[in-house]
Amino acid sequence: MARRAAGGTGGVKGARRPEVRLPALEAYGGGGLEPDGDYDGLEIRDEDFAGQDGGGARFMDCALTGCALDETRLHHARVLDSVLTGIRGVGTDLAESTLRDVEIVDARMGGVQLHGAVLERVVVRGGKIDYLNVRKARLRDVVFEGCVLVEPDFLDARLERVEFVDCVLKGVDFTGVTFTDVDLRGAAELEITRGIDRLSGAVISMGQLLDLAPVLAVQMGIRVEG
């Protein structure tokens, strides 16, 4: 299930948000992650998965709460119809993974590897993520809401119906990005260090345009004096 986001004004199509309705969950029995493991209908709470290998694993109808994911390998993992709350970790490897109909709430992470990943109907709400790597990823119907992203790297990513609502983007790299119906107007702070020439297909506010004017002038080779 998905519902249309409140955005979508000004000719921009709003993102479809996930509506995750978890079934009655079973308590996770522990034992650590396994490559290609199958985790279905589980409540996984306060587990320390640091350094473990869950590459290719599938999480379906799961609630992960307060789990540590430092250097956890989840390459090619699939996270479907799940809620991740208060997860934390540095160097979590989610490269080429799939996240579909997922809510991520109050995450505290750094150096997360999501390059080549596919995110569809995902909400990232609250929390802070430093050095997020989403190079060559595909984001469709994704909402970043009330979170802080420090130096996220979107190199060569494709964003379609993506919204930034009341969030802070510091030092974002949009080099080579393809935008389709991307709404940046709701960002509380928008600092673009690279790729400002790639904003075609995105919409920004007049205030953001004025803030970005110096960077735009440099990009276009315009010398401003007086």
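Me: The side chains of Arg-125 and Glu-145 meet in a salt bridge. How far apart are N and O in this pair, and how should such a contact be read?

Reply: The general idea is that side chains of opposite charge can pair when their charged atoms come close. In this predicted model, the distance from N to O between Arg-125 and Glu-145 is 3.0 Å. Arg-125 belongs to strand S11 and Glu-145 to strand S12, and the pair links distant parts of the chain, 20 residues apart. Arg-125 counts as partly exposed, at 29% relative accessibility.

Me: Which strands does the salt bridge between Arg-121 and Asp-101 link, and are these residues buried or exposed?

Reply: The side chains of Arg-121 and Asp-101 meet at 2.6 Å, N to O. Arg-121 lies in strand S11 and Asp-101 in strand S10, so that distant parts of the chain, 20 residues apart, are linked. Relative accessibility under 20% is read as buried. Arg-121, at 14%, therefore counts as buried, and so does Asp-101, at 7%.

Me: How many salt bridges does a search of the whole structure find?

Reply: The search finds 18 salt bridges. One of them joins the side chains of Asp-141 and Arg-16, with 3.2 Å from N to O. Because Asp-141 lies in strand S12 and Arg-16 in strand S2 (residues 16-18), this pair ties together parts that are 125 residues apart in sequence. Asp-141 is buried, with a relative accessible area of 0%, whereas Arg-16 is partly exposed, at 29%.

Me: Which residues are linked with Asp-141 in a network of salt bridges?

Reply: The network links Asp-141 with Arg-16, Arg-140, Glu-160 and Arg-161. Two of its members, Arg-140 and Glu-160, also line the largest pocket.

Me: Let us turn to the backbone. What is notable about phi of Asp-141?

Reply: The general expectation is that most residues other than glycine have a negative phi. Phi of Asp-141 is near 60 degrees, a positive value in a residue other than glycine. This residue is found in strand S12 and is buried, with a relative accessible area of 0%.

Me: Where is Asp-166 found, and is Asp-166 buried or exposed?

Reply: Asp-166 is found in the loop between S14 and strand S15 (168-173). Its phi is near 55 degrees, again a positive value in a residue other than glycine. Asp-166 is exposed, with a relative accessible area of 57%.

Me: How should internal space be read, and how many cavities of 30 Å³ or more are there?

Reply: A cavity is space where a 1.4 Å probe fits but cannot get out. The count comes to 2 cavities of 30 Å³ or more. The largest has a volume of about 170 Å³. Of the 17 residues that line this largest cavity, Leu-99, Ile-104, Val-112, Leu-114 and Ile-129 are the closest to its centre. Strand S10 (98-110), strand S11 (118-130) and strand S12 (138-145) are the elements that give two or more residues to this lining. By class, the lining has 17 nonpolar residues, with no polar and no charged ones.

Me: Which residues line the second largest cavity?

Reply: Its lining residues include Leu-33, Phe-49, Phe-59, Leu-64 and Leu-99. The space in this second largest cavity is about 120 Å³. By class, its lining has 10 nonpolar residues and no polar or charged ones.

Me: What is the make-up by class of the lining of the largest pocket?

Reply: A pocket, in contrast to a cavity, is an open set of points. The lining of the largest pocket has 4 nonpolar, 2 polar and 5 charged residues, and about 210 Å³ of space lies in this pocket. Among the lining residues are Glu-120, Arg-138, Arg-140, Arg-158 and Glu-160. At least two lining residues are supplied by each of S11, S12, strand S14 (158-165) and strand S16 (178-183).

Me: Finally, the surface. Which residues form a nonpolar patch there?

Reply: Met-206, Leu-209 and Leu-210 form a nonpolar patch on the surface, and together they have about 320 Å² of accessible area. Met-206 has its place in helix H1 (residues 206-219). Met-206 is exposed, with a relative accessible area of 57%.

Methods:
Residues numbered from 1 in each chain as written. Predicted model: local features only at pLDDT ≥ 70, side-chain atom pairs only at ≥ 80, totals over all residues. Heavy atoms only, no water. 1 Å grid on protein atoms, 1.4 Å probe; cavity = no way out; pocket = protein on both sides within 12 Å on 5 of 7 lines; lining within 4 Å. Points joined across faces, edges and corners; volume = space filled by probe spheres on them. Helix = DSSP H or I, 4+ residues; strand = E, 2+ residues; numbered from the N terminus. Nonpolar A, V, L, I, M, F, W, Y, C, P; charged D, E, K, R; others polar. Patch = residues over 30% accessible without salt bridge, like charges linked within 9 Å, V, L, I, M, F, W, Y side chains within 5 Å. Areas by Shrake-Rupley, 256 points an atom, 1.4 Å probe, with all protein chains shown as cover. Salt bridge = Lys/Arg side-chain N within 4 Å of Asp/Glu carboxyl O. Buried < 20%, exposed > 50% of the residue type's maximum accessible area, 1.4 Å probe, protein only.
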